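Please open the structure in your viewer and keep the selection panel at hand. The tour below moves from one selection to the next and says what is to be found at each stop.

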Amino acid sequence: MACNQTINGLIRDCAASIGGIVEAYIVNYDDVTAVAVETDQIKTITLASDKKFKKFQFRRGTGSMSSSLEVDNASGNNYVQTDVVLQFNKMETTKRIEMAALSVGELAVIVKDANGLYWYLGYDEPVMASAADGQTGTARGDANRYTITLQDNAKTWPYEVPESVVTPLVD
């Protein structure tokens, strides 16, 4: 039996587009009490009292978000895996403490891309670390940094969130 879906088509987009992400906002998953989706976009995010998303900034060209559709036709399973890779230059105690917390946490994440759009991760289940490393480099020009990959496995692609929803939620 065929699945019925609505296909509307897409026209070629002539607008400029820039790669990369510029910031990530992270909160404990349990601090998000409600997320409302309307017209396939997040319209509201409600946090527990006195909770806010924390801002994580990094140098330009060191963060990324990529989503991949994972399909197993034999079992009928499909989901979207989204990886957010964040690199923080200069190994130091403050960053080590944050890396340790992100490594074990169940998280909700909002990513701001280089086009000024915001994307919500953690709608279906918590976002969790899938990889991380720290390195000093070898030569003087090598990176001294921590890198962490946060992974979301969801039923669909990340939802866009209007800036007006994000702004009051960020500390």
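What follows is a walk through a predicted model, taken in stops that begin with a sheet and end with two loops.

**The sheet and its helix**

Begin by selecting strands β5, β6, β10 and β9, which in this order make up an open sheet of 4 strands with antiparallel pairing. The edges of the sheet are β5 (64–72) and β9 (128–135), each of which pairs on one side only. If you compare the directions of neighbouring strands in this sheet, they are turned by 15° against each other on average, direction ignored.

Now narrow the selection to β5 and β6 (residues 77–89), the antiparallel pair that is joined by 9 bridges. Within this pair, show V71 and look across to β6, where N78 stands opposite. Next add helix α1 (residues 93–104), which packs on the sheet and touches β6, β9 and β10, its direction making about 20° with that of β10.

**A nonpolar patch**

Keep V71 in view and add L69 and W157, since these residues together make a nonpolar surface patch of about 310 Å². Where along the chain does W157 lie? W157 is found in the loop between β10 (145–154) and β11 (159–161). With a relative accessibility of 46%, W157 is classed as partly exposed, because that class takes in values between 20% and 50%.

**Salt bridges**

The model has 4 salt bridges by the rule applied here, and the next selections visit some of them. Side chains of opposite charge can pair when their charged atoms come close.

Select K55 and E23 first, whose side chains meet in a salt bridge with an N to O distance of 4.0 Å. K55 belongs to strand β4 (residues 54–57) and E23 to strand β1 (residues 21–28), so this pair ties together parts that lie 32 residues apart in sequence. Are the two partners buried or exposed, or somewhere in between? K55 is partly exposed, at a relative accessible area of 43%, whereas E23 is buried, at 12%.

Move next to K54, which forms a salt bridge with D171, the closest N and O atoms being 2.5 Å apart. This pair links distant parts of the chain, with K54 in strand β4 and D171 in the segment after α2 (163–166), 117 residues apart. K54 is partly exposed, having a relative accessible area of 41%, while D171 reaches 56% and is exposed.

For another stop of this kind, select K95 and E92, where the side chains meet in a salt bridge at 3.0 Å, N to O. Both count as partly exposed, K95 with a relative accessibility of 24% and E92 with one of 32%.

**Two loop residues with positive phi**

Finally, turn from side chains to the backbone and select T39, in the loop between β2 (32–38) and β3 (41–47). Although T39 is not a glycine, its phi is positive, at about 50°. The residue T39 is also exposed, with a relative accessible area of 77%.

Then go to K90, which is placed in the loop between β6 and α1, the strand and helix shown together earlier as parts that touch. The phi of K90 is near 75°, again a positive value in a residue other than glycine. K90 is exposed, with a relative accessible area of 52%, and with this residue the tour ends.

Terms used: Residues are numbered from 1 along each chain as its sequence is written. This is a predicted model: local features need pLDDT of at least 70, side-chain atom pairs count only at pLDDT 80 or more; totals for chains, interfaces and linings use all residues. Side-chain values use heavy atoms; hydrogens and water are left out. Patches are made of residues with over 30% relative accessible area and no salt bridge: like charges are joined within 9 Å, nonpolar side chains (Val, Leu, Ile, Met, Phe, Trp, Tyr) within 5 Å. Accessible areas come from the Shrake-Rupley method with a 1.4 Å probe; for residues, only the protein chains shown count as cover. Buried means under 20% relative accessible area, exposed over 50%, partly exposed in between (1.4 Å probe, protein chains only). Two strands pair if DSSP finds at least two bridges between them. Axes are lines fitted to C-alpha atoms, for helices over the stretch in contact, and angles run from 0 to 180 degrees between N-to-C directions. Contact means heavy atoms within 4.5 Å.
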